[in-house]
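Hi,

Here is the structure I promised to pass on. Have a look at it first, and my notes follow underneath.

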Amino acid sequence: MSAVMLFVPGSDAGKLAKIPGLPGGELLLDLEDGVAWSRKAQARELVATALAQHGSSRVLWVRVNSFGSHLLFDDLDAVVMDGLAGINLPKVESAQQLQTVDWVLDALERRRGLEPGALRVLATIETALGVQNAPQIAQSSSRLEGLCFGAADYSRDVGLDWPPADGALPLTVQQARVALVQASASAGLAAPHDGASAEFRDLNRLELEARAACALGFGGKHAIHPAQVPVIEAAFAPTERQLAWAQEVVAAAHQHGQQGVGAFALHGVMVDAPVVARARQLLGRSSTPRVTESSASQ
């Protein structure tokens with residue numbers, strides 16, 4: 001997953017037509033909350049057309065309706081085709097739900113002549129039960145690319161206001177997000193994605209939210225407007241100071257390794273295997289937009 005995934009409402013033909021010029025590496029064509037119930041069928045047709053037209057040149061995911069919505073199979077039947085990168089399944093609460101979707105995707109891939117297992121899945125956790133079962137969900141399917149967190153639905157489920165009146169995330173929400181980071185790492189998944197900011201016109205608030213999610217171990221965040229994309233990309237990109245540190249650590253590790261030395265001191269701080277691994281991890285993300293320390297604090 002890239003650091004930002006931009007939602008495009010599946011019932012809006014005008015916005016779907018703008019797909020070639022939209023920012024961000026990956027797009028989420030939405031059939032769920034962004035589409036009125038009366039327009040679900042029309043949205044499927046529009047999204048299928050968009051996949052056929054733009055799927056070869058853009059990475060396109062589709063957020064389908066939830067397992068319990070009675071709309072899921074029709075969604076999958078409409079969008080499984082060439083040009084689809086994968087499915088975002090919302091409100092996942094159990095491993096069994098994901099395994100059932102896996103089975104349906106397997107059947108549709110065979111029927112449509114697609115490579116078996118090619119379609120990926122993102123599972124959004126949005127309820128207390130989903131958070132409780134996150135470790136099992138994270139290990140339930142070989143298709144699973146990663147987990148996402150839906151703070152609005154989760155807050156409603158546990159009886160909290162969203163967005164919080166004072167702007168500070170309640171401890172309950174923070175603990176749920178940490179649970180997803182832990183479950184993802186334990187299962188060997190990519191770092192989870194945070195949901196879209198409720199304050200979508202407030203880019204300063206968005207930056208704070210994105211940096212807070214990054215500090216918790218999230219790997220990215222959803223966007224609902226193109227203006228949010230560069231803010232999120234910058235928030236999750238390594239800073240110049242981090243990259244300079246990482247380059248120095250890796251170079252020093254190489255030099256000490258040639259001398260048969262494992263752990264060593266760098267500027268008075270011990271560097272051992274986990275520190276070197278983190279440095280390499282940061283350098284592996286260096287193709288994402290870099291930000292300076294000064295701009296990061298603005």
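**What I found**

Gly113 has a positive phi of about 75°, just after helix 4. Before going on, the small print: this is a predicted model, with local features needing pLDDT of at least 70 and side-chain atom pairs counting only at pLDDT 80 or more, while totals for chains, interfaces and linings use all residues. Residues are numbered from 1 along each chain as its sequence is written, and side-chain values use heavy atoms, leaving out hydrogens and water. Helices (H or I, at least four residues) and strands (E, at least two) are DSSP runs, numbered from the N terminus.

Back to helix 4 (residues 95-112): its buried residues (under 20% relative accessible area, 1.4 Å probe, protein chains only) include Leu98, Val101 and Leu105. Strand 5 (120-125) and helix 6 (134-138) are among the elements covering them.

The strands make a closed barrel of eight, ordered 1-2-3-4-5-6-7-8, with parallel pairing (at least two DSSP bridges between two strands). Strand 1 (residues 4-9) and strand 8 (residues 220-223) are joined by three bridges, and Val4 sits opposite Lys221.

Then there's helix 8 (residues 171-187) with helix 9 (residues 203-216): their axes (lines fitted to C-alpha atoms over the stretch in contact, angles from 0 to 180 degrees between N-to-C directions) come within 10 Å and cross at roughly 50°. That makes the two helices oblique to each other (not under 35 degrees, over 145 or 65 to 115). In helix 8, Gln174 and Val178 are among the residues that meet helix 9 (contact: heavy atoms within 4.5 Å).

Cheers

Definitions and conventions: Buried < 20%, exposed > 50% of the residue type's maximum accessible area, 1.4 Å probe, protein only.
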